[in-house]
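Here are some remarks on the model you sent, set out as numbered points. Please read them with the sequence and the coordinates open beside you.

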Amino acid sequence: MKAAPPVQKDGPRVNEEIRNREVQLIDQGGTNHGTVPIQTALEKAAEAGLDLVEISPNANPPVCKLLDYGKYKFQAQKKAAEARKKQKIVEVKEIKLRPMIDDHDYDVKMRAMKRFFEEGDKVKVTLRFRGREMAHQELGTKLLDRVKDDLGPLAKVEMDARFEGRQMIMILAPR
């Protein structure tokens, strides 16, 4: 039976967790006090009623700052939550067409594609051929060219039309 490895603490080291003999000290006002012994830094932190937080552990000597650690952690959490909120996952929406599509049906599909592009999503246009339609592949090529031309100002072609079995596939991304 092996002993469990020590639990790695997430975040910077604080106060007595800092194991270096000397640290680069920055006070709460942002003033650099230069390299000081760790005991002096800890005394200054206690004097000010703050924590000594290791900001840059890889520096030589490590950079430590006097600040309220609870407040620091809260600000970091808030910043991370804000970053997550602003993140947009790009989805790939699929629109299925047929070579002999009617004009009204085509317009409905185009409106749906425009809506997808406004939402910031990519669109995969799938053109399915059935039976004897495979003999008239030029109709499919013309239709996909028409889609490309109609969506020119809104979208750019990410993957040009290509055959996969009995269907042609093209991927468009918003501009």
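1. In this predicted model, D51 has L67 in β4 as its bridge partner. That pair belongs to an antiparallel arrangement in which five bridges join β3 to β4, and the two strands are connected as a hairpin through six residues.

2. The loop between β3 and β4, the latter spanning residues 63-67, contains P61, and the peptide bond that joins N60 to P61 is cis, with an omega of about -5°. I would look at this bond when going through the hairpin.

3. On its other pairing, β4 runs parallel to β1, with three bridges between them, and within this pairing K65 of β4 stands opposite I26. The strand β4 is mostly covered, since four of its five residues are buried.

4. E54 deserves a separate paragraph. This residue sits in strand β3, which covers residues 51-56, and its relative accessible area is 3%, so it falls under the 20% limit and counts as buried. The side chain of E54 makes a polar contact of 2.7 Å with the side chain of R13. Leaving aside residues up to four places away in sequence, E54 touches P12, R13, I18, N20, P62, V63 and C64.

5. A backbone detail to check is N15, which has a positive phi of about 45° although it is not a glycine. N15 lies in the segment before β1, the strand of residues 22-26, and its relative accessibility of 18% is under the 20% cut-off, which means that it too is classed as buried.

6. Turning to the nonpolar interior, the largest core comprises 21 residues, and those with the most contacts inside it are L97, M113, V147, L151 and L172. Two or more residues each are given to this core by β5 (92-97), α3 (103-118), β6 (122-128), α4 (137-150) and β8 (167-174), and the element that gives the most is α3, with six residues.

7. As for the surroundings of M113, the residues it touches are I95, V123, V125, V147 and L151, again not counting those up to four places away in sequence. Apart from the largest core there is a second, separate one of eleven residues, and V23, L25, I38 and L66 are among them.

Terms used. Residues are numbered from 1 along each chain as its sequence is written. This is a predicted model: local features need pLDDT of at least 70, side-chain atom pairs count only at pLDDT 80 or more; totals for chains, interfaces and linings use all residues. Side-chain values use heavy atoms; hydrogens and water are left out. Buried means under 20% relative accessible area, exposed over 50%, partly exposed in between (1.4 Å probe, protein chains only). A polar contact is a pair of N or O atoms within 3.5 Å; within protein, one must be able to donate a hydrogen and the other to accept it, and residues adjacent in sequence count only if both atoms are side-chain atoms. Contact means heavy atoms within 4.5 Å. Two strands pair if DSSP finds at least two bridges between them. A nonpolar core is a set of buried Ala, Val, Leu, Ile, Met, Phe, Trp, Tyr and Cys residues joined through side-chain atoms within 4.5 Å.
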